[in-house]
Amino acid sequence: MNTDLFLIFPFIVVVTAIVMGTIARIAKQLMDQRYREKELQAGLHAAPAPQVTARLNEMEQRLRVLERIATDGAQGTALAAEIEALRGDSGTPLAMSKRTGEKVL
């Protein structure tokens, strides 16, 4: 009987160590996943940077002008002046290049 206990006891210790190690690894993975989810949620609710907001407003203005061009057609000097004002803000030419004939964006 004593020899059986000497064989069973190490087996129980080894199995218990393996089970506890597995449980610890699973718990760590779950904690890491919850931590990453909370970081992601905090990042989604954060206010955008001022540069991003300013750039977004500029792009919205450009889009409004382009929508007006597409729907109204050429309306004369007021629309041309608005396009020139937008061109002056960003420094990006919207017209065709005179030397190469390629469109410059």
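How many residues apart in helix 2 are Glu 58 and Arg 55? Hold that thought while we get our bearings, then we'll come back to the pair.

What you have here is a predicted model, so let's start with how confident the predictor was. The chain averages a pLDDT of 77, and 71% of the residues reach at least 70. Among the elements, helix 1 has the highest mean pLDDT, at 89, while helix 3 (residues 77-90) has the lowest, at 70. Then there's the stretch at residues 96-100, where pLDDT drops below 50. Beyond near neighbours in sequence, that stretch has five contacts in the model. Where pLDDT is low, the predicted coordinates should not be read in detail.

Now for the layout. Walk along the chain from the N terminus and the elements go α-α-α: three helices and zero strands. Of the 105 residues, just 4% count as buried. The accessible surface adds up to about 9,400 Å², and carbon and sulfur atoms account for 65% of that.

For a closer look at that surface, find Leu 7, Ile 8, Phe 11, Ile 12, Val 15, Val 19, Met 20 and Ile 23, which make a nonpolar patch of about 790 Å². Take Val 19 as one of its members: this residue sits in helix 1 (residues 2-45). With a relative accessible area of 42%, Val 19 is partly exposed, and it can join the patch because patch residues need over 30% relative accessible area.

Back to the charged side chains in helix 2. Side chains of opposite charge can pair when their charged atoms come close. By the distance rule used here, the model has four salt bridges, and one of them is our opening pair: Glu 58 and Arg 55, with their closest N and O atoms 3.3 Å apart. As for the question, they are three residues apart in helix 2 (residues 50-72), so about one helical turn separates them. Arg 55 is partly exposed, at 46% relative accessibility.

Glu 58 has another partner too. It forms a salt bridge with Arg 62, where the closest N and O atoms are 3.8 Å apart. This time the two residues are four apart in helix 2, so again the separation is about one helical turn. Is Arg 62 buried or exposed? With a relative accessible area of 17%, Arg 62 is buried, because the cut-off for that label is under 20%.

A further bridge in helix 2 links the side chains of Arg 64 and Glu 60, at 3.9 Å from N to O. These two are four residues apart in the helix, about one turn. Both partners are partly exposed: Arg 64 at 48% relative accessibility and Glu 60 at 34%. Stepping back to the earlier bridges, shared partners join Arg 55, Glu 58 and Arg 62 into one network. Glu 58 pairs with Arg 55 and also with Arg 62, so if you want to trace that network in the viewer, begin at Glu 58 and follow the salt bridges, each a nitrogen-to-oxygen approach within 4 Å.

Terms used
Residues numbered from 1 in each chain as written. Predicted model: local features only at pLDDT ≥ 70, side-chain atom pairs only at ≥ 80, totals over all residues. Heavy atoms only, no water. Buried < 20%, exposed > 50% of the residue type's maximum accessible area, 1.4 Å probe, protein only. Areas by Shrake-Rupley, 256 points an atom, 1.4 Å probe, with all protein chains shown as cover. Patch = residues over 30% accessible without salt bridge, like charges linked within 9 Å, V, L, I, M, F, W, Y side chains within 5 Å. pLDDT = per-residue confidence, 0-100. Contact = heavy atoms within 4.5 Å.
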